[in-house]
Amino acid sequence: MYVRNCWYVAAWAHELAENQLISRTVINEPIVLYRNKVGDIVGLEDRCCHRLAPLSHGRIEGNDLRCRYHGLKFNSSGACVEIPMQQAIPPQARVRSYPAVEKHSWIWIWMGDSSLADTSLIPAAVGLDDPHWTLRSGQMDFEANYQLINDNLTDLTHVRFLHPTTFLTPESFPFYAPMVERLDRGIRIWRWLPATSTKSPEKICDEGGDLWTAYDYLVPGIMLMPTVNVAFPKGTAERLGGGRPDVSNGTGVRGTLTSQAITPITDHTSRYFYSWGPSSGEGSDAAADSLLALAKTVFLEDKEMIEAQQRIINFDPGRKELLFGSDAGPVKMRSVIQHLVKAETAAASISSGKELHFAEHP
Ligand code: FES
Ligand SMILES: [Fe+2]
């Protein structure tokens, strides 16, 4: 189940050099990406309309792309503009074009109705060139459906169990439920850990302080965590009734930043893009290198579990899960996606004159 009218991360911007074609698959659709003469991104269906050869095996000619099999040439909107040995070009000689934008060091691609592509919906990730942070980046492929990775990232209860020696979270971490707020296109998750001491080198929280963590998770699977931990005087969590604090009143901040994106490649494979790093300053390069190495170790632990989970699910895909309070994040995030997919399906049925009936979901 995929939201189509949203921006998916197709690649890191640095993966696409000038005069280069790269092929990517997003929600089961083959796409070729290149830069036009002024550096803007062009995204076309990676399937020539003639004999269905991949256009990513072709060549760039100015702003256009020529298929390397029998030479059809397409412009950046997907229209065929040249057919060897033929003057007339039929209107159906075209390939689909996808709105594509470079922003925050990622190449975003809009998989739905082009007329609805709205760049203000691109999540506010932080690019690798932001001067306030020293960021490192990476990516990793999973043999698993993207929803399992979304589930993992919207329920960090697993950190204490799956990453016990890698991520130094306080021991109380899994025992305080997160608050999950529904947003239009995602969820906001925060967690108070009252009376906590951190084991991180920064020691931002003296014994007995209250520790706050928060992040946003947006469709299709974009995690934005601007500050991993903020410390507050003991009793703050209780005084606020578990509510959101004014972060500027914090007594200490463990200032690292991460932006992450999950992109479904196919129903069974996904790509995980991530950046992480400390705030800029002396020693931040070494700290960024070690943070990325740590993140990679942790994500490989997630990958091993999630891929194993997917293999078990495959034996009986209809088997129901048994969910608990700690699943509030995954349940709400799946619900946001389901809601948007339903709205898109309903809008499509109205424009095609069909009536649709949906089963009720709890
Ligand atoms: S398959 Fe592309 S021109 Fe023939
Ligand atoms: Fe994890």
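These are my notebook entries on the salt bridges of the structure above.

Entry 1, ground rules. I worked from a predicted model, in which local features need pLDDT of at least 70, side-chain atom pairs count only at pLDDT 80 or more, and totals for chains, interfaces and linings use all residues. Residues are numbered from 1 along each chain as its sequence is written, and side-chain values use heavy atoms, with hydrogens and water left out.

Entry 2, the total. I looked up the salt bridges (a side-chain nitrogen of Lys or Arg within 4 Å of a carboxyl oxygen of Asp or Glu) and found that the structure holds 19 of them.

Entry 3, Arg-4 and Glu-29. I noted a salt bridge between these side chains at 2.5 Å, N to O. The pair links distant parts of the chain, 25 residues apart, with Arg-4 in the segment before strand 1 (7-12) and Glu-29 in strand 3 (residues 29-35); strands here are DSSP runs of E, at least two residues, numbered from the N terminus. For accessibility I took buried as under 20% relative accessible area, exposed as over 50% and partly exposed as in between (1.4 Å probe, protein chains only). Arg-4 is partly exposed at 29%, whereas Glu-29 is buried at 16%.

Entry 4, Arg-188 and Asp-216. I recorded a salt bridge here at 2.6 Å, N to O. This pair also links distant parts of the chain, Arg-188 lying in strand 14 (residues 186-196) and Asp-216 in strand 15 (residues 209-218), 28 residues apart. Arg-188 is partly exposed at 25%, and Asp-216 is buried at 16%.

Note on methods:
Chains are lettered from A and ligands numbered from 1 in the order in which they are written. Helices (H or I, at least four residues) and strands (E, at least two) are DSSP runs, numbered from the N terminus.
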